[in-house]
Amino acid sequence: MTDHYDPTGGVARGDQPGGENQGQGGSQGGYPLGDAGGVGNVGNIGNMSTYTGQDYTQSTTPQPYPESLSQAYELPTVPSEPYTLPATPPQPYQGRPSQPYAGQFGQQQVAPPPFYNEQTVFTQPPVPATKSRWLMRLLIVAGVILVLGSIGVGGAVYFINQYKAPGMAALQFCNQLKEQKYDAAYGMLSSGLAAKYSSTSFRAGVTALDTAEGKVVGCQQATGSSTYQYSLGASAATVTAQISRAIQGNLTGSLHLKNQKGSWKIDGIDASLLGASIGALQTSGAFCSAMQSQDYATAYTLLDSAQQKLISKDDFVASGKLHDQIDGAVTKCALAKVPQGNTNQVTRLTINLSRATLGDRAGDVTLKLEGSAWKIDATDTALNGTDLRPLVVGLQYCALISAGKYSDAYGLVSSGYRKLVSQDQFVANYSSYFGATLKWTCGTPEFKTYTVANTTASVVVPMTTAIPALGDAAATTNRFEMLFVLENNAWKIEDIVIPR
């Protein structure tokens, strides 16, 4: 492949938030359809102590969960036996030593408490690291419970559904392609994307993909990190999906979604997911349609700027008409295959093109995104039909001698011809005959006689020689065969002879 398009036929040049679970028991992967995992057991936070009246001992009997709120707030039972003092009386507070204090009346009294800045500071012993971690977990679990309790079960389900919504929309779109519900799939496009493609061109594009790549047989979210990108409450999301086709196999790419009026819509489709950009398919389809209807002026508008610099619109239209006469009109133009490696900027498609005389040809067409529109950038020479460049040189030659520009016409002959005939001899032979001024004109080439083989070509052209001074009776028309040769990638006229 390939050369730039030459209508003459020559070489012109996740995160996976949906499956992520909290605690134990959740399922991994997939669209965010997995059940939320249950919160793991927190376990005992140390062993709580119970005061017995003698000292602190560890309780070995687990306390049952209260069966009711009244049970949870039930007051403790008063012991039946009276409380007795311990055998050893408690020791007095050993803080700041007492000093005699002279009161107002000279009585010795107990010293007052010290000022706050002199008080002894009591601190709790450090909690072991293991207990700290368990305490943190307990607080987190308690926070989750409080949040769920505050929004209620219905609220929790609502937020889960909201989070899953973009993924569900992506899955629905893919399944509609799988079921070949193309109109329903088109209805899921955002207003911006739908403005780029008509429903007819969308249907034509995805139908062509089903033919070239095989029908969609599977849809799923792609594996790996960052395959589901969405923040709750955001208006945009990206889902990396995988479409499996009967012929092409697995194709992976992103679906870009947008929330419009509360509904998630497809706002962008990576070319790698479908195999080719919908825009590129639309342009190639429009080009094929224009060629089949012989609307070459419209086909020219689908060429990119680089191609339009190589050939004018008039020449392109003229070339199209020549191809119809030499190769026959286009009877079929359709997508045959989607080569791998297409991107959102460049797409290559294999096209089958049939002409009434030339028959079936297959070749690649390369399209590029130019601005916001997809354009034809290059085509295989096989699709261009018969190489018309020698014929174009012959037509130019005829136009020059008909205008009496014999020196310019001499510039189109080959180096071999120049070795035999000088420019002055050439001009003299065409200008006059025994002193009488000549007038040359060419008729329409006999296109059925036009042949091209590697570096040589030929065509029969009717040429009329007249002597204007003698009137119409002095005009003679003969069939001449123009012979061409390829020199330094340029076609030249080798000779003009009477055909055998």
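Colleague: How do strand β18 and strand β19 pair, and over how many bridges?
Modeller: They are antiparallel, with four bridges between β18 (residues 446-453) and β19 (residues 456-466). Strands pair here if DSSP finds at least two bridges between them. Strands are DSSP runs of E, at least two residues, and helices are runs of H or I, at least four residues, numbered from the N terminus.

Colleague: What should I know about the model and the numbering?
Modeller: This is a predicted model, where local features need pLDDT of at least 70, side-chain atom pairs count only at pLDDT 80 or more, and totals for chains, interfaces and linings use all residues. Residues are numbered from 1 along each chain as its sequence is written, and side-chain values use heavy atoms, with hydrogens and water left out.

Colleague: Back to β19. Which residue there is the bridge partner of V452?
Modeller: A457. The hairpin of β18 and β19 has two residues between the strands, and N454 takes a positive phi near 60°.

Colleague: What about β12 and β13, how many bridges join them?
Modeller: 10 bridges, antiparallel, between β12 (residues 346-355) and β13 (residues 359-370). R355 stands opposite G359. Three residues lie between the two strands of this hairpin.

Colleague: And β13 with β14?
Modeller: Antiparallel again, over six bridges. L369 has W374 in β14 as its bridge partner. That hairpin has two residues between the strands, and G371 has a positive phi near 70°.

Colleague: New topic. How many disulfides does a search of the whole structure find?
Modeller: Three. A disulfide means a pair of cysteine sulfur atoms within 2.5 Å. The pattern is 1-2, 3-4, 5-6, counting bonded cysteines along the chain.

Colleague: How far apart are the sulfur atoms of C174 and C219?
Modeller: 1.8 Å. The link is left-handed, with -85° about the S-S bond. C174 sits in helix α2 (residues 129-178) and C219 in strand β6, so the disulfide ties together parts 45 residues apart in sequence.

Colleague: Is C174 buried or exposed?
Modeller: Buried, at 4% relative accessible area. C219 also counts as buried, at 19%. Buried means under 20% relative accessible area, exposed over 50%, and partly exposed in between, with a 1.4 Å probe and protein chains only.

Colleague: Which cysteine does C398 join?
Modeller: C442, with S to S at 2.2 Å. The torsion about the S-S bond is about -80°, so this disulfide is left-handed. C398 is buried at 7%, whereas C442 is partly exposed at 24%.

Colleague: Pockets next. How much space lies in the second largest pocket?
Modeller: About 510 Å³. Of its 20 lining residues, the closest to the centre are K196, Y197, S277, G279 and W374. On a 1 Å grid over the protein atoms alone, a pocket is an open set of points where a 1.4 Å probe fits, with protein on both sides within 12 Å along at least five of seven lines; lining residues have an atom within 4 Å of a point. Grid points are joined across faces, edges and corners, and the volume is the space filled by probe spheres set on the points.

Colleague: Which element gives the most to that lining?
Modeller: α7, with five residues. Other elements that supply at least two include α4 (191-196) and β14 (373-379).

Colleague: Last one. Where does Q294 lie?
Modeller: In the loop between α7 and α8 (296-301). Q294 is not a glycine, yet its phi is positive, about 60°. Q294 is partly exposed, at 42% relative accessibility.
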